[in-house]
Amino acid sequence: MSQEVSCATKDSDLEVAPTEAKKPKLDCPDTAEVTNNDTCSTEVKEESEKVMTDPLSYTRGTEFTSEIFKIQIHNLPRFGFGDLKKRLKMLGLKPNKIKSPDRQSVCYICFRNEEERDNALVKLNGHLWKNHKLEAKVAAPVADPYLQKQRQLKDNGSNNVAQTEKMKEMSAQEAEERLRGNVCPLWNMAYSEQLQQKTDKVKAVLRKVARDDFVHLMFRNIKTQFEGMACELLPIEPSPETSEYRNKNEFTVGYGLDGKTVVVGFRYGLYKEGITAVGDASNLGLAMPKAIPVIKSFTEFVTRSRWTPYLQHAGTGNWQTLTVRTFRTGDVMAMIDFVPRELDPNETEEARASLKEFYTSGEGRNVEIKSFYFRVFSKKGSNSSPDVQLLFGEKHVFESLLGMRFRISPEAFFQVNTPATEKLYSLITSWCKASPATTVLDVCCGTGTIGLSMAKNVKEVIGIEMCAQAVEDAKENAAINGVANTKYYCKKVEDVIQPILTSLYSSNLQDVVAVVDPPRAGLHKDVIRTLRRCESIQRLVYVSCNPEIAQGNFVDLIRPETVRHKGSPFTLEKAVPVDLFPGTKHCELVLLFTRGNQRSSSITTAADPKDHKHQLSTDEGEIHRSSEDQVNSQKSSDIKNEKMFDDVESLGCSENIAKIEGDPQRLSGDVTAADEKDQMPSCDIGANRSETA
């Protein structure tokens with residue numbers, strides 16, 4: 001049954017239909033001075049249609065986009081994003097985003113304002129790097145994929161009406177099935193078959209690891225032992241819950257198939273394919289039940305609001321994304337993203353006040369929401385990050401996990417499937433084989449959940465996380481649960497890992513276990529090299545939410561020692577998939593790396609000495625591999641700490657992104673396994689944590 005949305009309007013004079021939303025103005029003489037009254041309206045219509053099919057119209061809007069401050073660099077040597085970022089930092093440059101289409105000779109860099117862009121042009125043009133003289137010049141902004149397709153259709157003498165009309169003719173059941181297919185591609189597959197498909201996907205990754213150029217010689221004598229995989233693969237751990245399991249969802253605020261009815265839910269398809277219609281999410285069985293009243297009440301509010309849903313392609317509207325987090329404790333947190341566009345601060349405050357009134361004294365007052373945040377995006381030319389304001393309620397919500405209580409901030413990462421997360425963390429604890437003498441290094445620790453779940457049974461937990469909110473939550477979580485043996489560092493892992501491990505080494509600690517749970521891009525290569533050099537780490541548990549991208553990390557941990565990869569290599573002992581995302585193609589993969597065991601010795605000796613000697617050189621092949629790994633490891637996509645707000649070309653990216661850049665030009669985080677990838681690899685500055693599926 002589809003969601004029933006009240007279309008009654010208390011203040012009809014304040015309601016703005018999609019077609020009546022503000023459009024770019026076209027100067028027109030006073031009607032008294034016009035001989036043909038139709039001339040002006042015709043010109044206005046033509047100008048409006050021109051804007052609606054202009055792929056670059058977003059660059060002339062009021063909201064911020066770093067695409068207008070972009071440069072391109074040519075004649076680059078083979079590079080990795082890490083190397084390039086270091087180079088830019090050395091030159092005193094502060095990029096907002098880095099992208100590379102061919103991963104080799106050219107890259108695009110966006111800045112936050114004209115001054116920073118011009119400064120970069122001066123410093124980079126003619127700069128000598130690795131015997132390459134760089135060429136830098138201003139680059140054109142990327143085209144909006146939706147409007148670009150509309151322009152192409154128009155130029156070809158066709159339009160998107162046929163597809164739109166066909167979608168409008170769908171029955172309620174057909175529409176719901178299409179929505180399910182986009183949000184949960186495996187929704188119509190038996191759960192046992194879903195698990196098998198995910199297992200097969202993981203097997204393919206582990207086979208690629210075993211065939212990698214830098215390690216394949218290590219596995220030539222044991223190819224049949226693990227079906228060609230790099231290690232033993234244990235049976236996948238199923239999720240205890242397969243429906244209504246997600247404790248966090250990001251709902252797009254938009255219009256339904258008729259283009260008129262306000263809907264808060266998920267898109268029926270990909271933005272770049274020309275689909276902007278939003279479908280009702282309340283019947284998908286994905287979100288936890290307490291999220292549904294929030295969706296329905298907010299739909300009613302927007303329907304009656306004088307401010308309309310945000311439409312990127314039309315350059316109109318303000319209400320963009322509704323994030324709802326629900327937990328087993330009963331706590332509910334909501335956050336709405338608001339894009340001011342041409343509104344002045346007073347009008348934005350009016351919108352904020354109207355929302356607060358609706359939920360505190362209006363028709364939404366009975367909806368259970370413990371904490372509600374109002375996030376305002378910066379306007380064009382602003383260097384500030386989005387302004388996050390507590391609308392009403394408490395600052396934090398709480399979740400229970402493995403008998404412990406955890407505090408969660410609005411932008412802090414927390415796994416989306418709590419019951420399955422308990423299985424995941426129990427598995428990690430088991431594989432760590434920690435004792436009262438063990439020091440646990442919790443890399444990309446988020447709110448501290450993994451380390452804290454082991455803290456009472458080990459000597460010390462050291463957590464590293466770049467999201468300040470998450471670190472504060474981790475410290476508070478330690479206090480709430482009576483844990484006193486923890487330390488947390490709010491830094492990028494690559495910036496602080498070396499001194500931390502040096503300190504551990506100088507303390508002569510013999511039992512150090514590392515647990516790494518990085519964003520989908522994996523760990524920075526500097527972090528991998530540093531972990532290898534710390535011989536005190538004899539066990540390392542790696543939790544990957546995107547093994548296809550992170551497999552370069554796996555190889556670098558086990559490959560023979562080289563000039564660039566010093567330290568005894570680890571052995572990949574075993575791996576197990578853990579399904580945190582039923583209905584989608586994603587799962588977590590837990591891998592155990594050890595040092596100093598028998599299999600490690602036998603594998604290492606299997607390699608030909610002359611081949612090993614060859615790999616000790618830092619030749620062009622390794623540098624090239626480093627470059628490709630870094631580029632591959634930086635794809636995608638999800639908001640501070642878990643979201644990556646690329647500019648317009650990442651419209652349609654899933655919620656799995658890692659840092660807010662203050663740029664509202666994105667597809668409002670539809671939860672979909674059919675993620676719309678960027679048109680080219682990109683590296684958002686500061687990304688350190690993301691959430692999958």
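Axes here are lines fitted to C-alpha atoms, for helices over the stretch in contact, and angles run from 0 to 180 degrees between N-to-C directions. Helices (H or I, at least four residues) and strands (E, at least two) are DSSP runs, numbered from the N terminus. This is a predicted model: local features need pLDDT of at least 70, side-chain atom pairs count only at pLDDT 80 or more, and totals for chains, interfaces and linings use all residues. Residues are numbered from 1 along each chain as its sequence is written, and side-chain values use heavy atoms, with hydrogens and water left out.

Start with a pair of helices. Helix α7 (residues 191-211) and α15 have axes that come within 9 Å and cross at roughly 35°. Their crossing is right-handed (the near helix is turned clockwise from the far one by less than a right angle). Contact means heavy atoms within 4.5 Å. From α7, the contact takes Lys 201, Val 205, Lys 208 and Val 209. From α15, it takes Pro 547, Glu 548, Gln 551, Phe 554, Val 555 and Ile 558.

Next comes a sheet. Two strands pair if DSSP finds at least two bridges between them. An open sheet of eight strands runs β7-β22-β23-β21-β20-β17-β18-β19, with mixed pairing. At its edges stand β7 (232-233) and β19 (486-489), each pairing on one side only. Inside the order, strands β17 (residues 439-443) and β20 (residues 512-516) run parallel, joined by five bridges. One bridge links Asp 442 to Val 515 in β20. Helix α15 (residues 547-558) returns here: it packs on the sheet, touching β21 (537-544), β22 (571-578) and β23 (588-594). Its direction makes about 170° with that of β21.

There is another open sheet, with seven strands in the order β10-β9-β8-β11-β12-β13-β14 and mixed pairing. β10 (278-280) and β14 (387-393) stand at the edges with a single partner strand each, so one side of each has no neighbour in the sheet. The twist averages 35° from one strand to the next. Strand β9 (residues 262-267) pairs with β10 in the antiparallel sense over three bridges. Gly 265 has Asp 280 in β10 as its bridge partner. Helix α6 (residues 172-183) packs on this sheet and touches β9 and β10. Its direction makes about 50° with that of β9. Helix α9 (residues 345-360) also packs on the sheet, touching β11 (319-326), β12 (332-338), β13 (371-376) and β14.

Finish at helix α14 (residues 525-533). Eight of its nine residues are buried (under 20% relative accessible area, 1.4 Å probe, protein chains only). Among them are Val 527, Ile 528 and Leu 531.

How values were computed: Buried < 20%, exposed > 50% of the residue type's maximum accessible area, 1.4 Å probe, protein only.
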